[in-house]
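User: I am new to this structure. Please take a close look at one contact between two chains, then tell me about the parts around it.

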Number of protein chains: 4
Amino acid sequence: MISAGIVGGTGYTGVELLRLLASHPEVRVDCMTSRGAEGTAVADLFPSLRERIDLIFSGMDVDHLSRCDVVFFATPHGVALEMAGALLAADTRVIDLSADFRLPDTALLARWYGLTPPDEAVFKQAVYGLPEVNRKALRCARLVANPGCYPTAIQLGFLPLLEQGLIDPARLIASAASGASGAGRGAKIETLHCEVAENFHAYGATGHRHLPEIQIHLERVSRQRVGLTFVPHLAPMNRGIHATLFGFLREGISEAELNALYAARYVDEPFVQVLPLGQHPATASVRAANTCQLAIFRPQEGDTVVVLAVIDNLVKGAAGQAIQNMNLMFDLPETMGLEALPVTP
Amino acid sequence: MISAGIVGGTGYTGVELLRLLASHPEVRVDCMTSRGAEGTAVADLFPSLRERIDLIFSGMDVDHLSRCDVVFFATPHGVALEMAGALLAADTRVIDLSADFRLPDTALLARWYGLTPPDEAVFKQAVYGLPEVNRKALRCARLVANPGCYPTAIQLGFLPLLEQGLIDPARLIASAASGASGAGRGAKIETLHCEVAENFHAYGATGHRHLPEIQIHLERVSRQRVGLTFVPHLAPMNRGIHATLFGFLREGISEAELNALYAARYVDEPFVQVLPLGQHPATASVRAANTCQLAIFRPQEGDTVVVLAVIDNLVKGAAGQAIQNMNLMFDLPETMGLEALPVTP
Amino acid sequence: MISAGIVGGTGYTGVELLRLLASHPEVRVDCMTSRGAEGTAVADLFPSLRERIDLIFSGMDVDHLSRCDVVFFATPHGVALEMAGALLAADTRVIDLSADFRLPDTALLARWYGLTPPDEAVFKQAVYGLPEVNRKALRCARLVANPGCYPTAIQLGFLPLLEQGLIDPARLIASAASGASGAGRGAKIETLHCEVAENFHAYGATGHRHLPEIQIHLERVSRQRVGLTFVPHLAPMNRGIHATLFGFLREGISEAELNALYAARYVDEPFVQVLPLGQHPATASVRAANTCQLAIFRPQEGDTVVVLAVIDNLVKGAAGQAIQNMNLMFDLPETMGLEALPVTP
Amino acid sequence: MISAGIVGGTGYTGVELLRLLASHPEVRVDCMTSRGAEGTAVADLFPSLRERIDLIFSGMDVDHLSRCDVVFFATPHGVALEMAGALLAADTRVIDLSADFRLPDTALLARWYGLTPPDEAVFKQAVYGLPEVNRKALRCARLVANPGCYPTAIQLGFLPLLEQGLIDPARLIASAASGASGAGRGAKIETLHCEVAENFHAYGATGHRHLPEIQIHLERVSRQRVGLTFVPHLAPMNRGIHATLFGFLREGISEAELNALYAARYVDEPFVQVLPLGQHPATASVRAANTCQLAIFRPQEGDTVVVLAVIDNLVKGAAGQAIQNMNLMFDLPETMGLEALPVTP
């Protein structure tokens with residue numbers, strides 16, 4: 001059995017890790033930390049875990065955590081950056097669900113997050129945890145930067161087109177909507193029920209922090225400079241990311257050929273599904289599951305191509321993908337613990 | 001492996017059976033019928049099942065179904081009543097999620113549902129599928145009447161008080177709210193999003209069909225005439241039943257004693273949880289799981305006792321409880337296939 | 001034109017007052033205070049008011065407020081209690097939407113709210129602002145205690161039965177559900193979208209602060225000791241209160257007679273509507289309007305009577321009723337500024 | 001007083017017309033037709049109108065309707081096309097909220113809707129009812145084609161850029177989300193609460209019927225061929241349209257200049273508001289009001305410009321705009337009856 005620890009267990013991502021790991025046959029969560037809730041039973045804070053999870057929140061003690069085989073960070077930005085080095089030194093593997101290691105460039109990290117890594121050698125070890133691109137490197141990774149929720153959906157959507165050089169990389173457009181759990185479990189007026197329900201609005205149109213993450217990793221794939229306009233929106237629901245992507249074709253290719261290209265690209269991917277021609281994916285179809293569903297359109301046979309991508313932001317966009325990465329790191333079947341079907345309605 | 005069939009697979013209950021059975025290690029769903037969708041791939045109708053379920057909807061053929069070890073009916077009232085006899089004759093066990101066999105009295109069935117059993121001997125065989133009351137009989141049952149969603153929550157809430165004779169059985173009050181999936185997947189104006197969202201209302205205050213079911217089974221437990229006033233409500237959510245129950249104490253007993261009584265009654269029940277004193281259960285805490293959470297209060301130390309009970313109407317109120325019953329009938333561990341944690345948020 | 005002030009303008013009740021008063025032909029809001037937002041344009045905080053409301057939040061200055069003819073308090077408990085005296089002394093009338101003056105008994109105020117009035121003479125002047133009971137007194141009132149949202153719905157529901165002595169006053173039961181705006185616009189985890197949406201739960205079952213308010217004012221009407229069990233619930237919606245009330249009839253009376261009794265009681269009330277026999281009121285039918293809709297049932301012709309009452313908690317349960325009271329106090333037509341139809345869907 | 005008729009009163013648009021016209025000081029609704037509900041009181045179908053609207057649904061009788069000064073069609077496509085001629089002949093003005101007269105070209109009408117006008121002279125009379133473009137023509141119009149909901153938001157968003165020739169008209173992109181009321185009040189599985197709530201998905205990505213309407217009217221403004229990719233989405237809410245628009249700048253212009261350009265374009269428009277730099281509009285801010293809120297961004301100072309536009313699909317996207325057009329046609333103040341503030345939360 002793999003012994004796992006979760007740092008930052010009072011947020012939605014932390015408790016989702018716990019939910020998913022509870023049905024993983026090869027993992028036992030031995031430690032769950034929280035600065036604010038130390039000493040409280042996890043099931044007291046999350047009554048859905050009653051009689052099933054008997055963990056007590058502990059403090060953020062590196063010694064204690066380093067007894068685990070793997071530690072997940074579901075923390076605000078900056079925490080994993082500070083702690084990862086000590087854990088790696090103790091031979092504990094680290095999967096960071098925050099943004100600390102997603103940008104491979106310290107200048108970008110400083111600019112977008114105001115953070116500086118205490119140890120650049122540790123920082124450089126991080127492998128970006130998108131298995132559909134980095135599977136091989138992830139198998140040997142000791143420190144994984146789990147992708148953001150928007151970046152996961154948007155990259156999986158654009159990848160086949162960019163890998164084949166079919167669209168102009170300088171003019172990518174992503175309009176995406178997220179459920180409110182993406183904003184976290186902090187007490188903020190903006191995410192109150194009365195502010196979110198029966199409402200829909202964009203935010204961060206001038207520059208969301210996920211923008212450089214998406215751009216830099218798409219550039220690696222396309223080996224070209226990528227220009228992306230990204231507008232995120234808050235949708236009145238709890239879970240789900242829907243990305244609506246637009247690109248401009250460089251040459252003629254039919255919708256059926258595009259669909260076949262996507263199907264071929266992802267045919268061996270256990271968690272990416274390409275819908276038949278003409279179907280539109282819905283966030284409800286992947287709720288609570290580690291699945292990404294994709295569809296591709298070429299409206300009016302013009303030069304604009306539309307890709308639709310849906311994931312559950314807490315699963316394929318966070319905790320599920322982290323477990324997928326853990327499976328790779330520990331040489332387990334990639335789908336282990338992630339087989340449950342989506343919950344709908 | 002147990003071979004299972006599902007009759008009526010295009011509704012929310014049918015697809016929930018499929019979702020839950022897909023992770024049951026001892027069951028294989030071999031047959032899913034639908035009058036309207038015969039020949040269609042199940043995953044075409046429910047895209048959440050893509051690449052995971054490769055069943056094709058078949059017609060309602062008794063010969064085909066009787067090759068299964070067990071058949072679940074997730075059908076409108078009347079269908080199981082007609083078909084159960086033939087299946088039982090072929091040694092196929094039947095679990096009916098409709099109301100056809102819930103009322104043990106043909107006169108009541110005629111009055112509330114306008115139905116007459118074609119074969120009274122078959123009708124009399126049915127065992128009411130509330131394991132917390134009928135576990136022993138369910139182990140030998142060949143035909144199970146799976147309880148309604150409201151009746152499950154309300155009975156589990158009232159049972160300990162009635163078994164101990166602590167409240168006046170003539171004056172029970174149940175005010176309960178259900179999510180919209182309880183109304184089914186039929187196209188009706190009343191359950192459109194625009195009618196349900198941002199709305200809350202009672203219905204059937206003059207007499208809901210679940211009333212006689214609750215009453216008759218509570219009478220069996222209390223061995224007295226039960227008088228129940230039951231007001232169901234439609235809440236703007238997809239899943240969940242919340243029952244708020246009121247009874248009048250016959251003698252003084254403290255809130256702590258009541259809580260202890262409930263805890264003792266359900267201590268060995270794998271799917272019933274009694275919350276600590278003062279906590280209120282929430283439907284979100286049992287979403288997608290086969291759990292019932294209960295709390296008991298004695299406000300202002302008066303003679304009125306309040307019991308709160310929550311379940312997921314599609315799970316403990318339908319498909320999950322049906323699988324729990326199947327586990328009992330086939331001598332499997334009662335919790336098999338039902339261990340997944342609730343999905344929240 | 002009446003000059004009005006609003007103290008505590010950053011909450012949902014304050015902005016609802018502004019919305020409703022903006023279409024009142026005889027009122028001009030001259031002052032809106034907020035401790036936290038002083039100096040900010042109201043429309044900057046509430047973009048729905050852009051280009052329509054050009055007020056700037058001011059500080060809580062009694063001199064400034066006392067230049068108004070009437071001041072509404074949409075503040076946390078305790079603020080109006082302190083400030084009302086000075087405003088009344090300056091001949092400014094006061095309508096308090098908090099609980100400070102709702103309990104006519106200082107002992108109860110101390111017990112339930114921990115508050116003591118600085119000036120008992122002022123405290124005694126307050127008139128309870130339920131026009132359907134106190135219309136006459138309200139016409140001469142200088143200080144009005146605007147009822148709570150639950151108390152409005154529950155009192156309007158029980159009144160006819162208690163006035164006629166038809167039910168046992170010692171055994172009243174109220175199970176009520178409220179939208180999330182009733183919990184205010186403060187940043188709290190419990191009212192985040194992810195906690196409220198797709199969820200339903202009770203709270204305060206051991207004793208909600210609205211209980212003594214309801215009880216004491218029902219006692220005045222029934223001239224008897226009232227025993228009430230009140231269980232409030234949070235429903236996943238923004239606006240609306242639905243009260244489901246139960247009482248035990250002392251003598252036989254038909255459902256039709258009960259319906260006629262309710263219709264007669266409220267026939268002259270501009271904001272209370274009694275539905276025809278058999279219909280159930282819905283919160284969506286009164287959204288954004290000052291209406292209360294009622295229905296009465298006698299299920300199975302038994303001795304239990306069920307009353308259903310719906311209001312919009314921010315309108316008839318707060319800001320609308322406050323304006324109705326203001327109209328009475330200033331001898332304006334009672335419905336002035338409150339004629340807009342409900343908004344549905 | 002203007003006498004008004006509404007054809008097709010059982011849908012959300014019809015009842016919204018009634019709600020808004022009820023507070024219009026110069027209009028009296030004398031006739032409301034419905035094929036299915038003839039003889040029923042309107043308030044029986046829509047309990048929110050109880051004691052306020054005493055109309056009875058009548059049949060679709062041209063003689064009866066032609067006694068009105070103006071008739072609104074809130075009908076499925078094809079009805080107004082057939083009936084408009086007779087009404088105009090009787091000197092009754094017609095405002096059609098369906099798509100029958102929106103496409104000025106009969107070939108397009110045949111292609112997208114399969115409809116042919118019975119009288120081409122009548123068809124040619126129609127004036128497209130977007131006051132921000134056609135105000136002058138609308139003042140003399142006898143037959144108005146009220147714009148679609150998406151077309152209203154998208155045109156108001158793109159107009160200033162296209163009028164000034166600032167963006168490439170061949171590469172416009174519109175990603176828009178609508179609440180479920182846009183899908184109408186018909187009983188369909190796709191718009192059940194359980195299908196819409198907690199879900200988000202695109203539809204009609206291959207070609208929505210609003211596409212040619214938007215395109216043709218933008219071409220008139222820009223006097224150039226317009227290439228538009230339009231992807232509509234269904235958002236889990238009742239009301240609201242949010243359009244996220246992308247265009248490619250032909251020359252350098254700062255975000256502040258763009259904002260100033262928008263502010264100047266709409267400075268005299270009573271129902272279009274341009275937000276200050278950096279603010280994002282939200283559908284909740286215009287709920288139940290005839291307002292369009294706009295914002296413009298130039299992310300990362302690149303060549304892509306982003307415009308955000310919100311309206312209430314039932315008001316500025318349907319009934320409210322129809323009344324605005326009626327005010328113009330009858331020489332009333334343009335804002336009459338449309339002054340109520342948005343309802344939020």
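Analyst: Chain B and chain C each give 45 residues to their contact. This is a predicted model. Chains B and C bury about 3700 Å² between them, and carbon and sulfur atoms give 60% of that area. Three residues stand out on the chain B side. B:Arg171, B:Glu198 and B:Phe200 supply 19% of the area that chain B buries against chain C, more than any other three residues.

B:Arg171 also takes part in a salt bridge. Its side chain meets that of C:Asp303, with N and O 2.7 Å apart. Between chain B and chain C the count is three salt bridges. Polar contacts are counted too: 23 residue pairs link chain B and chain C in this way, both residues being at pLDDT 80 or more.

Which strands of chain B help build the side that touches chain C? β8 (172-178), β9 (201-202), β10 (228-234), β11 (241-248) and β14 (304-311) each supply at least two residues. By class, that side of chain B holds 24 nonpolar, 15 polar and six charged residues.

Now turn to chain D and chain A. Their contact takes 45 residues from chain D and 45 residues from chain A. About 3700 Å² is buried between them, with 61% on carbon and sulfur atoms. On chain D, the leading three are D:Arg171, D:Glu198 and D:Phe200, which supply 19% of the area that chain D buries against chain A, more than any other three residues.

Two salt bridges cross the interface of chain D and chain A. In one salt bridge, D:Asp303 pairs with A:Arg171, and the closest N and O atoms are 2.7 Å apart. The polar contacts between chain D and chain A come to 24 residue pairs, both residues at pLDDT 80 or more. On the side of chain D that touches chain A, β8 (172-178), β9 (201-202), β10 (228-234), β11 (241-248) and β14 (304-311) of chain D each supply at least two residues. That side has 24 nonpolar, 15 polar and six charged residues.

One of these strands deserves a closer look. Why is β11(D) described as largely enclosed? Eight of its eight residues are buried, so the rest of the structure largely encloses β11(D). In a regular strand, side chains alternate between the two faces of the sheet. Both faces of β11(D) are covered. On one side, D:Ile241, D:Ala243, D:Leu245 and D:Gly247 are buried. On the other, D:His242, D:Thr244, D:Phe246 and D:Phe248 are buried.

β11(D) has strand partners as well. β8(D) pairs with β11(D) in the antiparallel sense, over six bridges. Within that link, D:Ala177 has D:His242 of β11(D) as its bridge partner. β14(D) also runs antiparallel to β11(D), and eight bridges join the two. Here the bridge partner of D:Thr244 is D:Leu308 in β14(D).

Back in chain B, there is a helix to look at. Helix α4(B) spans residues 79-89, and its buried residues are B:Val79, B:Ala80, B:Leu81, B:Met83, B:Ala84, B:Leu87 and B:Leu88. What covers them? Among the elements of chain B that do so are α3 (62-65), β4 (70-73), β5 (93-96), α5 (106-113), α6 (120-125) and β7 (143-145). After α4(B) comes B:Asp91, with a positive phi near 70°.

Key: Residues numbered from 1 in each chain as written. Chains lettered and ligands numbered in written order. Heavy atoms only, no water. Contact = heavy atoms within 4.5 Å. Buried area = accessible area lost by both parts, 1.4 Å probe. Salt bridge = Lys/Arg side-chain N within 4 Å of Asp/Glu carboxyl O. Polar contact = N/O pair within 3.5 Å; in protein donor to acceptor, adjacent residues only side chain to side chain. Helix = DSSP H or I, 4+ residues; strand = E, 2+ residues; numbered from the N terminus. Nonpolar A, V, L, I, M, F, W, Y, C, P; charged D, E, K, R; others polar. Buried < 20%, exposed > 50% of the residue type's maximum accessible area, 1.4 Å probe, protein only. Pairing = 2+ DSSP bridges.
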